[in-house]
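Visitor: Hi, I've got a structure open and could use a hand reading it. Can we just chat our way through?

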Amino acid sequence: MTNLERIKQISQSLETGITGFLRDMIAIPSFNTEKNVIERIKSEMELIGYDEIRIDAMGNLLGRIGNGRTVIAIDGHCDTVSPGDSANWDIDPLKGDFRDGFVFGRGAADQKGGIASMVYSAKILRETGVPDNLSVWHVISIREEEYEGVNWKYLLQEEKLNPEVVLLTEPTNLDICIGQRGRIDIKVRTKGVSCHGANPHLGENAIYKMTPILRDIEKMNSKFPDIENLGKGTITITGISSTSPSINAVADSAEIHIDRRLTKGDTLESAVNEIKELSSVKEADAEVYVPEFNLKTYTGLEYPSKAYYATWLMEKTSPVVRNAVETYEELFGDKPEVRPWNFSTNGVATKGIFDIPTIGLGPSDELLAHTTDEKVSVQHLTDAAAFYASYVTNFNIEI
Ligand SMILES: [Zn+2]
């Protein structure tokens, strides 16, 4: 029996354990705070017998198996979006319902299922062994849903985690995902001079200064080029506000919020500059900026960051993608679909900003993420666990 055949066999024998662990995680809500679900995952890691387990100051949980010099990181975020009104669900979204070979509930797809498979891949590797040259860090990251990648910015800059590759466990329908469009928030602000609303000619209305800018931005959207694999960038205005001393006074400032989706070749600088270059923006002498936010986590840590989530795309011919494809073929006897995600992931930091080779494979379908139909099959859970263990076992990238 080959290593991978053995891994597959063990993963199938762990079906009850993976399912029970996932149902427990779904029954611990983690849309407001991840503290309780982190404790639950940590105790599972202790039972399995990781070589090292720690929670960093931000609140991410890290478990290591293996002691080698080459570091592989496998990531799963444990926060979810809110279940919303539970009347919209056919089942209780926070129970961990299980029937007909599927686990249901908020996070089943996005992405507590991926965490269950990842943690159980450590149980498999406890039996089959981690190659001597490797250390594998399983990262249970937090606050991905609103601020994807900020967790990894912290892990790479402050925790000095230094992986050669990152494998994301977000849902892919067991496809191999190699990139995604990025996004950036941009604000444009015009300034005016206020005066009494009865004599508007004595002032300068900031809202009127904004009007041609709105039209120019609307026109931009149709001009972005189509990019093979990732698709077009997009732009839209998602908010508008103004200030004036009273509703009987000319507006002294106006501001719009822009949602710009980024494709290959788009960067923070290029996205900001193309707004700054609009003639309407120049004429109005408008300010263009990327807002900063201060992420506060359940541990009390505050971490400032910019609202920029970089595009990333791995070459299909890169050694890391090829290694994953070969492992998939050997394990499942089939060719994987290799494609980008249609949503955003922590890859915006790992590959998008820090250029660490990053790929993803996860149980369930990304189209079920954030829906009231979230579910994952037990078959996907055990297959993903087998893949994560096999990926480590077959890792052959020359560093
Ligand atoms: Zn997710």
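Guide: Sure, let's start with Asn173, which is partly exposed, with 17 other C-beta atoms within 10 Å. Here buried means 20 or more other C-beta atoms within 10 Å of a residue's own, exposed means 12 or fewer, and partly exposed is in between, with C-beta atoms placed from the backbone. One heads-up: this is a predicted model, where local features need pLDDT of at least 70 and side-chain atom pairs count only at pLDDT 80 or more, while totals for chains, interfaces and linings use all residues. Residues are numbered from 1 along each chain as its sequence is written.

Visitor: OK, and where is Asn173 found?

Guide: Asn173 is in the loop between strand S7 (165-168) and strand S8 (176-177). Helices (H or I, at least four residues) and strands (E, at least two) are DSSP runs, numbered from the N terminus.

Visitor: What's up with the phi of Asn173?

Guide: Its phi is positive, about 65 degrees, although Asn173 is not a glycine. Asp355 also isn't a glycine, and its phi is positive, near 60 degrees.

Visitor: Is Asp355 buried or exposed?

Guide: Asp355 is exposed, with 10 other C-beta atoms within 10 Å. You'll find Asp355 in the loop between helix H11 (347-350) and strand S19 (358-360).

Visitor: Switching to helices: at what angle do H2 and H3 pack?

Guide: About 160 degrees, with the axes of H2 (residues 15-26) and H3 (residues 35-48) 9 Å apart. Axes are lines fitted to C-alpha atoms, for helices over the stretch in contact, and angles run from 0 to 180 degrees between N-to-C directions. H2 and H3 are therefore roughly antiparallel (under 35 degrees is roughly parallel, over 145 roughly antiparallel, 65 to 115 roughly perpendicular, the rest oblique).

Visitor: Which residues meet there?

Guide: Phe21, Asp24 and Met25 of H2 meet Val37, Arg40, Ile41 and Glu44 of H3, where contact means C-beta atoms, placed from the backbone, within 7 Å.

Visitor: And how do H1 and H4 cross?

Guide: H1 (residues 3-13) and H4 (residues 108-128) cross at roughly 130 degrees, and their axes come within 10 Å. That makes H1 oblique to H4.

Visitor: Anything odd inside H4?

Guide: Gln111 sits in H4, and a cis peptide bond joins Asp110 and Gln111, with omega about -10 degrees.

Visitor: Last one: how many residues of H12 are buried?

Guide: 15 of its 16, so H12 is mostly covered.

Methods
Contact = placed C-beta atoms within 7 Å.
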